[in-house]
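Hi everyone, thanks for coming. Let's take a few minutes to walk through a structure together, and do have it open while I talk.

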Amino acid sequence: MAELRAHHVGITVSDLENAVEFYQETLDLTLLDRFTVSGENFSTAVGVEGATGQFAHLEADGVRVELIEYEPEGESRGEARINRPGTAHLGLTVEDIDSFYESLPNSVESVSRPQTTDTGSRILFVRDPEGNLIELLET
């Protein structure tokens with residue numbers, strides 16, 4: 001079997017411009033590239049007839065975060081809940097989670113204030129403008 005290596009974490013969004021702004025401004029990720037992919041082979045690969053994808057690649061400390069806006073847009077999956085099977089989240093580290101939390105714009109929804117788990121980890125979950133979960137861990 002071929003050796004697999006991680007390439008990116010993909011997040012489907014309905015408003016690419018708004019999502020890119022959030023990931024750049026709020027999370028301080030670096031925009032690497034923007035591009036569009038369409039055509040029969042792309043539609044076949046993603047299993048969506050007539051699909052076009054608008055892509056933005058951002059970088060988070062060596063991890064590529066891929067934001068994608070699809071046309072046609074699929075149905076919403078409802079609110080992401082961390083215990084719902086199939087729910088994914090992006091995990092990022094921060095040196096001072098309390099300062100990060102205090103600096104969040106009022107428009108950013110957090111699941112709770114920063115918490116210390118039984119293992120001693122300091123964590124915070126926030127939602128991007130699309131409701132996707134992002135976990136912040138204090139390093």
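**Threonine 30 and its sheet**

Okay, let's start at threonine 30, which touches His57, Leu58 and Glu59, leaving out residues up to four places away in sequence. By contact I mean heavy atoms within 4.5 Å.

Before going on, a word on the source: this is a predicted model, where local features need pLDDT of at least 70, side-chain atom pairs count only at pLDDT 80 or more, and totals for chains, interfaces and linings use all residues. Residues are numbered from 1 along each chain as its sequence is written, and side-chain values use heavy atoms, with hydrogens and water left out.

Back to threonine 30. Its C-alpha atom is 5.2 Å from that of leucine 58, although the two residues are 28 apart along the chain. Is threonine 30 buried, partly exposed or exposed? Threonine 30 counts as partly exposed because its relative accessibility is 43%; buried would be under 20%, exposed over 50%, and partly exposed is in between, using a 1.4 Å probe and protein chains only.

Where does threonine 30 sit? It's in strand E2, residues 30-38. Strands here are DSSP runs of at least two residues, helices (H or I) are runs of at least four, and both are numbered from the N terminus.

Now look at the sheet. It's an open one of 4 strands, in the order E1-E4-E3-E2, with mixed pairing. At the edges are E1 (9-13) and E2, each pairing on one side only. Two strands pair if DSSP finds at least two bridges between them. In general, strands of a sheet pair through backbone hydrogen bonds, either parallel or antiparallel. E2 and E3 (residues 52-60) go antiparallel, over 8 bridges. One bridge to find on screen: valine 37 has glycine 53 in E3 as its partner.

Next stop, threonine 87. This one is in the loop between strand E4 (63-71) and strand E5 (89-94). Threonine 87 is partly exposed too, because its relative accessibility is 24%. Which residues does threonine 87 contact, leaving aside neighbours within four places in sequence? They are Ala80, Arg81, Ile82 and Leu133. The threonine 87 side chain also reaches the backbone oxygen of arginine 81 at 3.0 Å. For a different spacing, take asparagine 106: its C-alpha atom is 25 Å from that of threonine 87, with their positions 19 residues apart along the chain.

That's the tour, thanks!

Methods. A polar contact is a pair of N or O atoms within 3.5 Å; within protein, one must be able to donate a hydrogen and the other to accept it, and residues adjacent in sequence count only if both atoms are side-chain atoms.
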